[in-house]
Amino acid sequence: MLKGKRQYAIILSKGDDLVNICYIISAGETGKIAFKKDDSDVIICADAGYKKALESGIVPDLVVGDFDSLGKIPQLGNIEVHPAEKDETDTFLALTCGIERGYKNFVIYGALGGRLDHTFANIQLLKYLAERNMECTLVSPKETVTVLRNSSLTFSESEKGIVSVFSLSERSSGVFEEGLKYCLENAVLTSSFPLGVSNEFIGKKARISVNDGILMVVRECTKD
């Protein structure tokens, strides 16, 4: 699992400066959660994500949801209770709270694994944020998932394992994959064919970019 804020700067920042991050903890697979929170960051738990936070010794700034998954409403001052019958998922509610506080960069734990419908809903949140020029990474013990819109990601020589790229928009053009086992040059990816699945880091600096479209990048979490 990625640890600390510096690693996320590669994903969440267009320059060398670190960015302010809204950390969201949901109820999916998390393992032991570990990150460095700066004073400018915020931690928001979605429903049973509160239990996940406590298990990792994390004190959230806010807890939101209908609390059907947690099974009870926590006795906290920093809490927002919503009705169970609603259009938004608890994770989306937590995301909205972060956006309302001015955050544009998100790291979400517990958004992958578990129920497939919840996982897919959280992947849709990546596209929702990308369309609004915001950035997000979903983190699980097995992989990290991030999104690119008309931009690029760079990786150091130390990266290992599998990396896959999918088009979340109907069509993504001007796709480049450089420094990987299989390279793409000015390619077109579509949402109906998985051309970018299962590439590999090979100990070189790597770069993935898209000129026009929205890409989802899935990176395997490897143990050193």
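**View 1. The surroundings of I44 in the predicted model.** Once its neighbours within four places in sequence are left aside, I44 is in contact with C22, Y23, I24 and I25, with L62 and V64, and also with A94, C97 and G98. I44 is also one of the residues with the most contacts inside the largest nonpolar core, a set of 29 residues in which I24, F106, L126 and L138 are named alongside I44. Helix α4, which spans residues 116-130, gives the most to this core, contributing five residues. As a general background, nonpolar side chains in soluble globular proteins tend to be buried together.

**View 2. Helix α3 and the elements it packs against.** The buried residues of helix α3 (residues 90-100) are D90, T91, L93, A94, L95, C97 and G98. These buried residues pack against the strands β1 (22-25), β2 (42-46), β3 (62-65), β4 (79-81) and β5 (105-109), and against α4 as well. After α3 comes G102, a residue whose phi is positive, near 95°.

**View 3. The open sheet and the helix that lies across part of it.** The sheet has 10 strands with mixed pairing, and their order is β4-β3-β2-β1-β5-β6-β7-β14-β9-β12. Its edge strands are β4 and β12 (199-200), each of which pairs on one side only. Within the sheet, β5 and strand β6 (residues 135-139) run parallel and are joined by five bridges, and the bridge partner of N105 in β6 is E135. Helix α4 lies across β5, β6, β7 and β14 (214-220), and runs at about 165° to β6.

**View 4. E143 and its partners from other parts of the chain.** E143 lies in strand β7, which covers residues 143-149, and with a relative accessible area of 26% E143 is partly exposed. Leaving aside its neighbours within four places in sequence, E143 is in contact with L112 and L138, and also with V218, R219, E220 and C221. Although E143 and C221 are 78 residues apart along the chain, their C-alpha atoms are separated by 4.8 Å.

**View 5. Two loop residues, N133 and N150, with positive phi.** N133 is found in the loop between α4 and β6, and has a positive phi of about 60° although it is not a glycine. At 60% relative accessibility, N133 counts as exposed because this value is over 50%. N150, in the loop between β7 and β8 (152-155), is likewise a residue other than glycine with a positive phi, here near 50°. At 38% relative accessibility, N150 counts as partly exposed.

Note on methods:
Residues are numbered from 1 along each chain as its sequence is written. This is a predicted model: local features need pLDDT of at least 70, side-chain atom pairs count only at pLDDT 80 or more; totals for chains, interfaces and linings use all residues. Side-chain values use heavy atoms; hydrogens and water are left out. Helices (H or I, at least four residues) and strands (E, at least two) are DSSP runs, numbered from the N terminus. Buried means under 20% relative accessible area, exposed over 50%, partly exposed in between (1.4 Å probe, protein chains only). Contact means heavy atoms within 4.5 Å. A nonpolar core is a set of buried Ala, Val, Leu, Ile, Met, Phe, Trp, Tyr and Cys residues joined through side-chain atoms within 4.5 Å. Two strands pair if DSSP finds at least two bridges between them. Axes are lines fitted to C-alpha atoms, for helices over the stretch in contact, and angles run from 0 to 180 degrees between N-to-C directions.
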